[in-house]
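Okay, thanks everyone, I'll keep this brief. Have a look at the fold on the screen and then we'll walk through it together.

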Amino acid sequence: MDRDALIVLAKYPRPREVKSRLISTLGETTAARLAELFLVDLLKRFADREWRIIIACGPSDTSENFHNLFAKYRLPADSVEIFKPAAGSMLHDIVASYTYALKTSRKAVLTASDIPYLTPGKVAE
């Protein structure tokens, strides 16, 4: 089995496509920027771990979107996989993400990019 997997449910952070509650409070641009920083924070904390990081992205997202983000923040792109579940419900996307991760990982943990304080040490326990 390969390394353990951290699955991150994350749409690419663009205006009008992040959480509605953030948009209604902060506006489209600021909400997208905050969502971007949440994702970057999570990726930075797990990038140097022995985890296989899988971003389960949205139907309109591309690998290029995320690779441009990695370049912008100097994140190691080789430690992150982009997985696009078939367009479906959130439940379907979660099941598809776990199925994908567990093909080559012993265990997998799923989180979302808007849960910015997931601690690497706690996940490993």
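Quick bit of vocabulary before we start: when I say buried, I mean under 20% relative accessible area, and exposed means over 50%. Also, keep in mind that this is a predicted model.

So let's begin with helix α3, residues 63-72. Which of its residues are buried? That's Asn65, Phe66, Leu69 and Phe70. These four span an arc of only 135° around the axis, so they end up on the same side of α3. Go round to the face turned away from that buried side, and you find the exposed residues Glu64 and Ala71.

What covers the buried residues, then? The cover includes α2 (28-47), β2 (52-56) and β3 (80-83). And just past the end of α3 there's arginine 74, with a positive phi of about 55°.

Now the sheet. We've got four strands in an open sheet, ordered β3-β2-β1-β4, and the pairing is parallel. β3 and β4 (108-112) sit at the edges with a single partner strand each, so each has one side with no neighbour in the sheet. From one strand to the next, the twist averages 25°.

Zooming in on one pair: β1, residues 5-9, runs parallel to β4, and the two are joined over five bridges. Within β4, valine 109 is what leucine 6 stands opposite.

Last, the helices on the sheet. α4, residues 90-101, packs there and touches β1, β2, β3 and β4, and its direction makes about 155° with that of β1. Our α3 lies across β2 and β3, at about 155° to β3.

Conventions:
Residues are numbered from 1 along each chain as its sequence is written. This is a predicted model: local features need pLDDT of at least 70, side-chain atom pairs count only at pLDDT 80 or more; totals for chains, interfaces and linings use all residues. Side-chain values use heavy atoms; hydrogens and water are left out. Buried means under 20% relative accessible area, exposed over 50%, partly exposed in between (1.4 Å probe, protein chains only). The arc is that of the directions from the helix axis to the C-beta atoms. Contact means heavy atoms within 4.5 Å. Two strands pair if DSSP finds at least two bridges between them. Axes are lines fitted to C-alpha atoms, for helices over the stretch in contact, and angles run from 0 to 180 degrees between N-to-C directions.
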